[in-house]
Amino acid sequence: MPIAQAQLESILRDGFPDAQIAVEDLAGDGDHYKARIVSAAFAGLPRVRQHQLVYAALKGKMGGELHALALETSAP
């Protein structure tokens with residue numbers, strides 16, 4: 001079952017309340033998204049760890065409701 005873009009954005013905002021977040025539906029199917037997240041939580045962390053924090057914020061939805069997520073993460 002796909003996840004709505006607004007729901008995905010809301011989940012990410014809950015996980016990163018200080019962040020600038022932009023979510024784009026890449027295929028129009030609710031399964032393939034691109035997210036750009038700029039958050040102080042990423043400061044000093046390698047990209048792999050930044051992405052792990054995003055996956056943790058998704059609480060198991062990755063690979064289930066959410067099939068593919070291209071991530072672009074950075075600190076301000």
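In this predicted model, strands β1 (residues 20–25) and β2 (residues 32–38) pair in the antiparallel sense over six bridges. The two strands form a hairpin with six residues between them, and Gly-28 in the turn has a positive phi of about 75°. On the β3 side the sense of pairing is parallel, with seven bridges joining β2 to β3. Together the three strands form an open sheet in the order β1-β2-β3, with mixed pairing.

**Sheet**

- The edge strands of the open, mixed sheet are β1 and β3, each of which pairs on one side only, and the twist from one strand to the next averages 15°.
- Between β1 and β2, Ile-21 stands opposite Ile-37 in β2, and Val-23 stands opposite Ala-35, also in β2.
- Between β2 and β3, Ala-35 stands opposite Leu-71 in β3, while Val-38 stands opposite Ser-74 in β3; Ala-35 therefore has a listed partner in β1, Val-23, as well as one in β3, Leu-71.
- In general, strands of a sheet pair through backbone hydrogen bonds, either parallel or antiparallel.

**Helices and the crossover**

- Ile-21 of the first pairing has Ile-37 opposite in β2, and on the sheet to which these strands belong packs α1, touching β1, β2 and β3, with a direction that makes about 155° with that of β1.
- Helix α2 also packs on the sheet, where it touches β2 and β3, and its direction makes about 125° with that of β3.
- The path from β2 through helix α2 (residues 47–57) to β3 makes a right-handed β-α-β unit.
- Arg-47 lies in helix α2 and is classed as partly exposed because its relative accessible area is 49%.
- The C-alpha atoms of Arg-47 and Ala-19 are separated by 16 Å, the two residues being 28 residues apart along the chain.

**The faces of β3 and the setting of Thr-73**

- Strand β3 has a covered face made up of Leu-69, Leu-71 and Thr-73, and an uncovered face with Ala-68, Ala-70, Glu-72 and Ser-74.
- In a regular strand, side chains alternate between the two faces of the sheet.
- Thr-73, found in strand β3 (residues 68–74), has a relative accessibility of 2% and so counts as buried, and this residue belongs to the covered face.
- The side chains of Thr-73 and His-51 are joined by a polar contact of 3.3 Å.
- Leaving aside neighbours within four places in sequence, Thr-73 is in contact with Ile-37, Phe-42, Arg-47, Gln-50, His-51 and Val-54; of these, Arg-47 lies in helix α2, and Ile-37 is the residue in β2 that Ile-21 stands opposite.

**Aromatic pair**

- The count of aromatic pairs comes to one, formed by Phe-16 and Phe-42, whose rings are tilted at 50° between the planes and lie 5.2 Å apart, centre to centre.
- This pair links distant parts of the chain, with Phe-16 in the loop between α1 (5–15) and β1, and Phe-42 in the loop between β2 and α2, 26 residues apart.
- Phe-16 is buried because its relative accessible area is 5%, and Phe-42, at 1% relative accessibility, likewise counts as buried.
- Phe-42 is also among the residues in contact with Thr-73.

**Loop between α2 and β3**

- Lys-59 is found in the loop between α2 and β3, and its phi is near 50°, a positive value in a residue other than glycine.
- With a relative accessible area of 72%, Lys-59 is exposed.
- Gly-63 has its place in the loop between α2 and β3 and is exposed as well, with a relative accessible area of 64%.
- Gly-63 and Asp-14 are 49 residues apart in sequence, and their C-alpha atoms are 20 Å apart in space.

Methods: Residues numbered from 1 in each chain as written. Predicted model: local features only at pLDDT ≥ 70, side-chain atom pairs only at ≥ 80, totals over all residues. Heavy atoms only, no water. Helix = DSSP H or I, 4+ residues; strand = E, 2+ residues; numbered from the N terminus. Buried < 20%, exposed > 50% of the residue type's maximum accessible area, 1.4 Å probe, protein only. Polar contact = N/O pair within 3.5 Å; in protein donor to acceptor, adjacent residues only side chain to side chain. Contact = heavy atoms within 4.5 Å. Pairing = 2+ DSSP bridges. Right-handed = clockwise from strand over helix to strand, strands pointing away. Phe/Tyr/Trp six-rings, centres within 6.5 Å; stacked < 30°, edge-to-face > 60°. Axes fitted to C-alpha atoms, helices over the stretch in contact; angles between N-to-C directions.
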